[in-house]
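Biologist: I should like to go through the local geometry of this chain with you. May we begin once the structure is displayed?

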Amino acid sequence: MPDTNVVQVALGSCLVSLVTGFLLASYAINGYLVPPEWKKQRDANYTDPVESDESDIDEADTSLDHAPNWSNSEEADRRQGLRATKAPTTKAPAVAPKSNEECKLVLVVRTDLGMTKGKIAAQCGHATLACYKTLSRAAARDPQSAEAKLLRQWERLGQAKIAVQVKSEDEMLELMAKARSLGVTAEVIQDAGRTQIAASSRTVLGVGPAPKSEVDKITGHLKLL
């Protein structure tokens, strides 16, 4: 039979080791045994980031900014506040691109509305989709049309997009009218007013995709955003 004193010593050692390990772990978890600079880095890694001041969602309204529905008709888009309702509609026939000619989409952003970067990004996304939908519908009707050729060339050469700025709605609508008179796709996004700006505000004009030479006639004089 093992000596009683030996058993007691062994049990005591195990108990001391257990308590010591528990205390060391507790101190480490709470940062008492961690150098200050390590603790600061650890806290930075585990602290939830503060929400950006440029959040596109109002605290009192959690509804998201809406984009044109892919299955919508143009009229349905307008009813839902996703396209301008009183924009110029006269449009010349589209001009097909020359072989390997660069095609681009220009996003014309109104700076007088005071939109945040996040809001601008959302509105530019809407304008891109609206222009793409317009060309896609024409391409679906006739795969050999100028619109179909434009879309294929724009996609093949990298879908170039450029953001520029204007300072008023009037200037934006003038650009839209000029684009359509030259046969270039042009779509204005009209905000639904769920977040930062008034409902029905025209925010971004998408021009193209179209041959670079044609688009530059319309927006080539504008400053980059």
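Biologist: In which strand is Pro209 found?
Modeller: This is a predicted model, in which local features need pLDDT of at least 70, side-chain atom pairs count only at pLDDT 80 or more, and totals for chains, interfaces and linings use all residues. Residues are numbered from 1 along each chain as its sequence is written, and side-chain values use heavy atoms, with hydrogens and water left out. Strands (E, at least two residues) and helices (H or I, at least four) are DSSP runs numbered from the N terminus. On that basis, Pro209 belongs to strand S4.

Biologist: Is the peptide bond from Gly208 to Pro209 cis or trans, and what is omega?
Modeller: Most peptide bonds are trans. The bond from Gly208 to Pro209 is instead cis, with omega near -5 degrees.

Biologist: Which residues of helix H7 (residues 212-219) are buried?
Modeller: Buried means under 20% relative accessible area, exposed over 50%, and partly exposed in between (1.4 Å probe, protein chains only). The buried residues are on the same side of H7, because they cover an arc of only 110 degrees around the axis, taken from the directions from the helix axis to the C-beta atoms. They are Glu214, Val215, Ile218 and Thr219.

Biologist: Is Asn100 buried or exposed?
Modeller: Asn100 is found in the loop between helix H3 (74-79) and S1. Although not a glycine, Asn100 has a positive phi of about 60 degrees. Its relative accessibility is 52%, so Asn100 counts as exposed.
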